[in-house]
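Colleague: I would like to go through this model with you, one question at a time. Please give the reasoning before each result.

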Amino acid sequence: MAAAIRTVDDVLKFVERNGIVLESARGRVPSLAAEIVGGKINGSWWAHPKSHQIYKLTMAVRDSNDILVCRLIDGRITFIHRRLWPALARVADKFDAARLASIHEEHTALGTHRAVRTAFSDWLPAETKRLATRITLRDAEEQLAAAMTRR
């Protein structure tokens with residue numbers, strides 16, 4: 001594993017480089033929380049000594065216009081970089097629509113957080129929809145398979 005991620009720029013480059021990243025779960029793609037601390041996290045990241053840094057950096061990813069936040073992989077929070085959106089749009093009908101819904105957290109008047117979900121087809125930018133029509137199904141599947149098997 002590379003040196004721990006320390007800045008917002010580092011974390012955004014990490015997601016861009018990998019294409020698809022889990023927020024904190026273990027799986028077939030990298031875990032952002034594990035990268036931030038520089039190793040495996042036992043138990044909840046909330047109890048980790050670097051939990052404040054993990055929170056700050058994962059919120060920066062969630063706030064980025066270049067990242068789709070959804071539950072694509074195993075129902076876990078998944079970050080997908082903009083460079084893969086056309087490929088994902090091309091094969092979207094192969095996935096459970098709920099797993100592709102964009103997740104955005106809103107702060108309520110009571111000070112709590114509420115997850116707002118937007119259907120992928122409603123969230124997806126028009127330009128990305130156009131780009132998706134120019135990519136072959138095979139190319140889209142290959143791009144996503146490569147991003148989903150990297151370690």
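Colleague: Which residue in the hairpin of β4 and β5 takes a positive phi?

Modeller: Bear in mind that this is a predicted model. The hairpin of β4 and β5 has five residues between the strands. The residue with a positive phi, near 90°, is Gly-111.

Colleague: How many bridges pair strand β4 with strand β5, and which residue of β5 does Ile-103 stand opposite?

Modeller: Strand β4 covers residues 102-107 and strand β5 covers residues 113-118. They pair in the antiparallel sense, and the number of bridges is six. Opposite Ile-103, the residue in β5 is Arg-117.

Colleague: What is the order of the strands in the open sheet of three strands?

Modeller: The pairing in this open sheet is antiparallel. Its edge strands are β1 and β2, each of which pairs on one side only. Neighbouring strands are turned by 20° against each other on average, direction ignored. The order is β1-β3-β2.

Colleague: Which residue in β3 does Ile-20 stand opposite?

Modeller: Strands β1 and β3 run antiparallel and are joined by three bridges. Across from Ile-20, the residue in β3 is Ile-80.

Colleague: Is Thr-78 buried or exposed?

Modeller: Thr-78 lies in strand β3. It touches residues that include Ile-20, Val-21, Leu-68 and Cys-70. Its relative accessible area is 0%, and the limit for the term is under 20%, so Thr-78 is buried.

Colleague: Which backbone nitrogen does the side chain of Thr-78 reach at 3.2 Å?

Modeller: Two backbone nitrogens come into question here. The one of Leu-72 lies 3.5 Å from a polar atom of the Thr-78 side chain. The one reached at 3.2 Å belongs to Ile-73.

Colleague: Which element gives the most residues to the largest nonpolar core?

Modeller: That core has 25 residues, and those with the most contacts inside it are Ile-20, Leu-72, Ile-80, Leu-88 and Phe-120. The elements that give two or more residues to it are β1, β2, α4 and α8. With five residues, the one that gives the most is α4.

Colleague: How many residues are in the other core, which includes Phe-79 and Ile-103?

Modeller: This core lies apart from the largest one. Leu-32 and Ala-33 are also among its residues. Its number of residues is 19.

Colleague: Why does the span of helix α3 agree with its number of residues?

Modeller: Helix α3 (residues 51-63) has 13 residues, and the expected span is 1.5 Å times one less than that number. This should come to 18 Å. The end C-alpha atoms of α3 agree with that, because they are apart by 18 Å.

Colleague: Which elements cover the buried residues of α3?

Modeller: The buried residues of α3 are Ser-51, Ile-54, Leu-57, Thr-58, Met-59, Ala-60, Val-61 and Arg-62. What covers them includes α1, α2, β2, β3 and β4.

Colleague: Which residue offers the backbone oxygen that the side chain of Ser-31 reaches?

Modeller: Ser-31 lies in the loop between β1 and α2. It is buried, with a relative accessible area of 11%. Ser-31 touches Val-21, Leu-22, Glu-23, Ser-24 and Ala-25, not counting residues up to four places away in sequence. The backbone oxygen reached by its side chain, at 3.3 Å, is that of Ser-24.

Methods. Residues numbered from 1 in each chain as written. Predicted model: local features only at pLDDT ≥ 70, side-chain atom pairs only at ≥ 80, totals over all residues. Heavy atoms only, no water. Pairing = 2+ DSSP bridges. Helix = DSSP H or I, 4+ residues; strand = E, 2+ residues; numbered from the N terminus. Buried < 20%, exposed > 50% of the residue type's maximum accessible area, 1.4 Å probe, protein only. Polar contact = N/O pair within 3.5 Å; in protein donor to acceptor, adjacent residues only side chain to side chain. Contact = heavy atoms within 4.5 Å. Core = buried A, V, L, I, M, F, W, Y, C linked by side-chain atoms within 4.5 Å. Axes fitted to C-alpha atoms, helices over the stretch in contact; angles between N-to-C directions.
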